[in-house]
Amino acid sequence: MSDLVNKLMCENLQALKPYESARRIFAGGDSDSETWLNANESPFANDFTVDTAHFNRYPDCQPQRVLLPYAEYAGVQANQLLVSRGADEGIELLIRTFCTPGKDSILICPPTYGMYAISAETCNVGIERAPLNADFSLDIPAMSVYQGKVNLVFICSPNNPTGTSIGRAQLKQVLEHFADSALVVVDEAYIEFDAGNTWATELAAYPNLVVLRTLSKAFALAGLRCGFTLANSAVIHSIMKVIAPYPVPEPVAQIAAQALSQKGLKQMAEQVEYLYQQKQWLKQQLSQFPELELVGDDKANFILFRYSQKQALMDFLVENAVLIRDQSKQINLDNCLRITLGTQQQNEKLLGLMARFFKQQEKSA
């Protein structure tokens, strides 16, 4: 059977390495004894109700009870919005809609979210790279080279895993530079942690602008898989030609609608503020370890740092049931680890273990 699978598999997929999600690296995450600070998830599990009365029916392709409140929340028109199975599906839909396999390419700016490249490779679409500058700003001259050579430009802001937001002047340059040749996709998965820098309200000014959003982070609904693509109506209309017929399951629509109610939005804002306070406190505590160097910025729900013996620290934390994320494979992030913000109790547990680790290192030195 393996011979048959290899024979039938598309050539571009044979050497493809799947995205190493947090759950693929460490399966599980439900045990009370484990502290999961590795997937940029919210530490909150909020309550929702589900009505099973219509589970025997296929759901709406674009449920209005989700579409309309999110459009109001984001400050866009309903015809400028599409609901999908997470922002990851939005990435794939954009590539499938606007790139011809074996012919077209996308542009990414590493270090950044890995699914842009994975989705392109899966679709047999080329990948061009213009790495970020040392301060994690865009390298505009390097990007400019690809005018007319790419169909999509992916920019994550706030960026995962550096926590940095791209300056408005730089993004304006990119939008104008690619105005007649490519869609510029601004991934705002973490925008609730840097709300003043959203581009969602700029769609009228830039016809080639696309914004990706999600309920996975600030809304504490990573398990729901509900994301949004915001763009001008012509872009949305084109994507609707390739989206699956029933992309939003009925339970997902019900829960998303509750999360987008006034009560849900208030709860989300309170939890974002809580995580902001935890972030400031955790950064202050980490500064007490001279061995660590904070990297990037803090415009999201995680903190990135560099440590020369990062593997020893990772191994120690895993042995003690605390999981953070290794980002050292990414360009310019050698020896870097990323901590997702947890509850006060979870963060204190992490810091206690780190203090123990560094004491042990001192004794063995």
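A cavity here is a set of points, on a 1 Å grid over the protein atoms alone, where a 1.4 Å probe fits but cannot get out, and lining residues have an atom within 4 Å of a point. Grid points are joined across faces, edges and corners, and a volume is the space filled by probe spheres set on the points. This is a predicted model, with local features needing pLDDT of at least 70 and side-chain atom pairs counting only at pLDDT 80 or more, while totals for chains, interfaces and linings use all residues. Residues are numbered from 1 along each chain as its sequence is written, and side-chain values use heavy atoms, with hydrogens and water left out.

**Exercise 1.** Find the cavities of 30 Å³ or more and describe the lining of the largest one.

*Solution.*
- Step 1: Searching the whole structure turns up two such cavities.
- Step 2: The largest has a volume of about 60 Å³.
- Step 3: Its lining includes Asn-46, Phe-48, Ala-218 and Met-268.
- Step 4: Helix H11 (residues 262-286) gives the largest share of that lining, four residues; helices are DSSP runs of H or I, at least four residues, and strands are runs of E, at least two, numbered from the N terminus.
- Step 5: Sort the lining by type and you get five nonpolar, four polar and no charged residues. Nonpolar covers Ala, Val, Leu, Ile, Met, Phe, Trp, Tyr, Cys and Pro, charged covers Asp, Glu, Lys and Arg, and the others, Gly among them, are polar.

**Exercise 2.** Do the sorting for the second largest cavity.

*Solution.*
- Step 1: The volume of the second largest cavity is about 30 Å³.
- Step 2: Among the residues around it are Cys-109, Thr-112, Leu-132 and Asn-159.
- Step 3: The split is six nonpolar, two polar and no charged.

**Exercise 3.** Work out what the salt bridge between Arg-65 and Glu-250 ties together.

*Solution.*
- Step 1: Apply the criterion, a side-chain nitrogen of Lys or Arg within 4 Å of a carboxyl oxygen of Asp or Glu. The closest N and O atoms of Arg-65 and Glu-250 are 2.7 Å apart.
- Step 2: Arg-65 sits in helix H4 (residues 64-74) and Glu-250 in helix H10 (residues 250-259), so the bridge joins parts 185 residues apart in sequence.
- Step 3: Check accessibility: buried means under 20% relative accessible area, exposed over 50%, partly exposed in between (1.4 Å probe, protein chains only). Arg-65, at 38%, is partly exposed, and Glu-250, at 12%, is buried.

How values were computed:
1 Å grid on protein atoms, 1.4 Å probe; cavity = no way out; pocket = protein on both sides within 12 Å on 5 of 7 lines; lining within 4 Å.
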